[in-house]
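Me: I have a model open and want to test the labels people put on it. Can we go through them one at a time?

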Amino acid sequence: MKKMIFTAIVLMVSLTSFAQREVGSITLQPRIAICASDFSNTSDTEARVGVVAGAEMEYYVSKLVGLSAGLFYAQQGAELKNYDVTWKLDYVNVPLVANFYVWKGLAIKAGLQPGFKVSAEVEGKSGSTKASVDLDNVKSFNLAVPFGLSYDFGRLVLDARYTVGLTKAFDDSYLDSKNITFQLGIGYKFSL
């Protein structure tokens, strides 16, 4: 029993010591997330559920502030309410985020996120028939503001972000919609 308690204490101390960020240190964090994305300024759509996957590096400016840059593949878009129609807009996003560690492993995040369109299509189903069409009116560049929270459990990180688009998703002047996304992810930090 004493050995188990000693082992548990050693594990907690090692996890806590990692959580104390050293100024000038760098971490790499692969992360995967489930996201729900939609378009703003419309009542005809609902969230498309997708995946966000990639990694980010964080540089610790101080024990309380880190700056991170990442590269993520994101499945965004929306679904048309009451119909089997889905806009599938996939991007490579590059979030540039400031992380403010406010309490132990808890961080508040905010930044800027350029995104680059990888593919854009609309997919529809009717019974057993399924068809998709490439969209040529989706802008190739998307600029957004991500903000959220994360909590470090030693090297394991839980991350929740909400991203609000600043640029229109479509070239058409009558479509004023922007991308909005909520994601909930898990990552693992490696010290470099």
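What follows is a short exchange about labels and the values behind them.

Reply: Keep in mind that this is a predicted model.

Me: Why is T181 called buried?

Reply: Buried means under 20% relative accessible area. T181 has 5%, so T181 is buried. T181 is in strand 10.

Me: What is T181 in contact with, leaving aside its neighbours within four places in sequence?

Reply: T181 is in contact with C35, A36, S37, Q76, R161, Y162 and T163.

Me: Why is L156 called partly exposed?

Reply: Partly exposed lies between the 20% and 50% limits. L156 has a relative accessible area of 35%, so L156 is partly exposed. L156 lies in strand 9.

Me: What makes L156 eligible for a patch by its accessible area?

Reply: Patch residues need over 30% relative accessible area. L156 has 35%, so L156 passes that cut-off. L156 is one of the residues in a nonpolar patch on the surface, along with I32, I34, V49, V51, F153, L158, I186, Y188 and F190. Together they have about 880 Å² of accessible area. Strand 1 (26–39), strand 2 (45–60), strand 9 (156–168) and strand 10 (178–188) each give two or more residues to the patch.

Me: How do you know that N41 and N82 are exposed?

Reply: Exposed means over 50% relative accessible area. N41 stands at 58%, so N41 counts as exposed. N82 has 77%, so N82 is exposed as well. N41 lies in the loop between strand 1 and strand 2. N82 is in the loop between strand 3 (65–80) and strand 4 (85–93).

Me: What makes the phi of N41 and of N82 worth a remark?

Reply: Most residues other than glycine have a negative phi. Phi of N41 is near 60°, a positive value. Phi of N82 is near 65°, also a positive value. Neither residue is glycine.

Me: Why is a set of residues called a nonpolar core, and which residues make up the largest one?

Reply: The name calls for buried residues of listed types, such as Ala, Val, Leu, Phe, Trp and Tyr, joined through side-chain atoms within 4.5 Å. The largest nonpolar core has 11 residues: F39, A78, W87, L89, Y91, A120, V122, L135, V138, A169 and F170. Strand 4 and strand 6 (106–126) each give two or more residues to this core. The largest share, 3 residues, comes from strand 4. Apart from this core lies another, of 5 residues, including A33, V52, F72 and A74.

Notes. Residues numbered from 1 in each chain as written. Predicted model: local features only at pLDDT ≥ 70, side-chain atom pairs only at ≥ 80, totals over all residues. Heavy atoms only, no water. Patch = residues over 30% accessible without salt bridge, like charges linked within 9 Å, V, L, I, M, F, W, Y side chains within 5 Å. Areas by Shrake-Rupley, 256 points an atom, 1.4 Å probe, with all protein chains shown as cover. Salt bridge = Lys/Arg side-chain N within 4 Å of Asp/Glu carboxyl O. Helix = DSSP H or I, 4+ residues; strand = E, 2+ residues; numbered from the N terminus. Buried < 20%, exposed > 50% of the residue type's maximum accessible area, 1.4 Å probe, protein only. Contact = heavy atoms within 4.5 Å.
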